Amino acid sequence: KSANPQWREQFDFHYFSDRKDMLDIEVWRKDNKKHEELLGTCKVDITALPTKQTNCLELPLEKHPGSLLMLVAVAPCTGVSISDLCVCPLGDPTERKQISQRYCMKNSFQDMKDIGFLQVKVLKAADLLAADFSGKSDPFCVLELGNDSLQTHTVYKNLNPEWNKVFTFPIKDIHDVLEVTVFDEDGDKPPDFLGKVAIPLLSV
């Protein structure tokens, strides 16, 4: 019940500079759980923003009254990567040694935000639910840690897909939970849920 809401929430998106992406923003209102109404939209051209600084933007909503105030920072992303199994970032002994030194006890307070990072090898799935009429599925896997999200490619018409990908996330909160969800790609429609597992970082 506010015409001037304040959210003060931060979201991280992994943006690769060779892509010409627009950030699409929608503002919605809810009357109850069933009724929702679009209050306006706006776009931000990421490529036009100066890097390595926080940009304060006041964006008018298209075709609707009101504006959205937001801070957008485009910065080099450290620690996040997607690679094939054969070029696993932690597979190099020299790199492992550097990481061990970086996170050793005497360096604990050098950078309070640098808690560590998590590396996940997504190998394969087995005996998935058939979501298509053909008796098959088009599965892909989404990994979420905090508000970071990365995903595999889709393996088409397969109930036993193999992805063989390595994902690396920076850890922002040791109490976060890694959520791994398998979906069935369904063209223009929202993907179908095929299963999920949640792994608290403290259990690793």
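The exercises below work through the fold, the domains and one pocket of a predicted model.

**Exercise 1.** Describe the secondary structure of the protein and the order in which its elements occur.

*Solution.* Begin with the count of elements, which gives one helix and 11 strands in the protein. Then follow the chain from the N terminus, where the elements run β-β-β-β-β-α-β-β-β-β-β-β. To finish, set this beside the overall extent, since the C-alpha atoms fill a box of roughly 55 × 55 × 35 Å along the principal axes.

**Exercise 2.** Work out how domain 1 and domain 2 are placed and what their interface consists of.

*Solution.* Take the bounds to start with: domain 1 covers 1-77, and domain 2 covers 81-203. Next consider the separation of the two parts, whose C-alpha centres lie 26 Å apart. Turning to the interface itself, four residues of domain 1 are in contact with five residues of domain 2, where contact is taken as heavy atoms within 4.5 Å. The size of an interface is often expressed as the accessible area lost when the parts come together. Here the area buried between domain 1 and domain 2 is about 390 Å², and carbon and sulfur atoms give 45% of that area. As a last step, look for charged pairs across the interface of domain 1 and domain 2, for which the rule finds zero salt bridges.

**Exercise 3.** Characterise the second largest pocket by its volume, its lining and the strands that supply that lining.

*Solution.* The volume of the second largest pocket comes to about 250 Å³. Its lining is made up of 19 residues, and those nearest the centre of the pocket are Val122, Lys124, Cys141, Val180 and Val197. Now sort the lining by residue class, which yields 15 nonpolar, two polar and two charged residues. Then assign the lining to secondary structure: strand 6 (116-124), strand 10 (177-184) and strand 11 (192-200) each contribute at least two residues. Among the contributors, strand 6 provides the largest share of the lining, with six residues.

Terms used
Residues are numbered from 1 along each chain as its sequence is written. This is a predicted model: local features need pLDDT of at least 70, side-chain atom pairs count only at pLDDT 80 or more; totals for chains, interfaces and linings use all residues. Side-chain values use heavy atoms; hydrogens and water are left out. On a 1 Å grid over the protein atoms alone, a cavity is a set of points where a 1.4 Å probe fits but cannot get out, and a pocket is an open set with protein on both sides within 12 Å along at least five of seven lines; lining residues have an atom within 4 Å of a point. Grid points are joined across faces, edges and corners, and a volume is the space filled by probe spheres set on the points. Helices (H or I, at least four residues) and strands (E, at least two) are DSSP runs, numbered from the N terminus. Ala, Val, Leu, Ile, Met, Phe, Trp, Tyr, Cys and Pro count as nonpolar, Asp, Glu, Lys and Arg as charged, and the others, Gly among them, as polar. Domain bounds come from an automatic or database domain assignment. Buried area is the accessible area (1.4 Å probe) that two parts lose on being put together, summed over both. A salt bridge is a side-chain nitrogen of Lys or Arg within 4 Å of a carboxyl oxygen of Asp or Glu.
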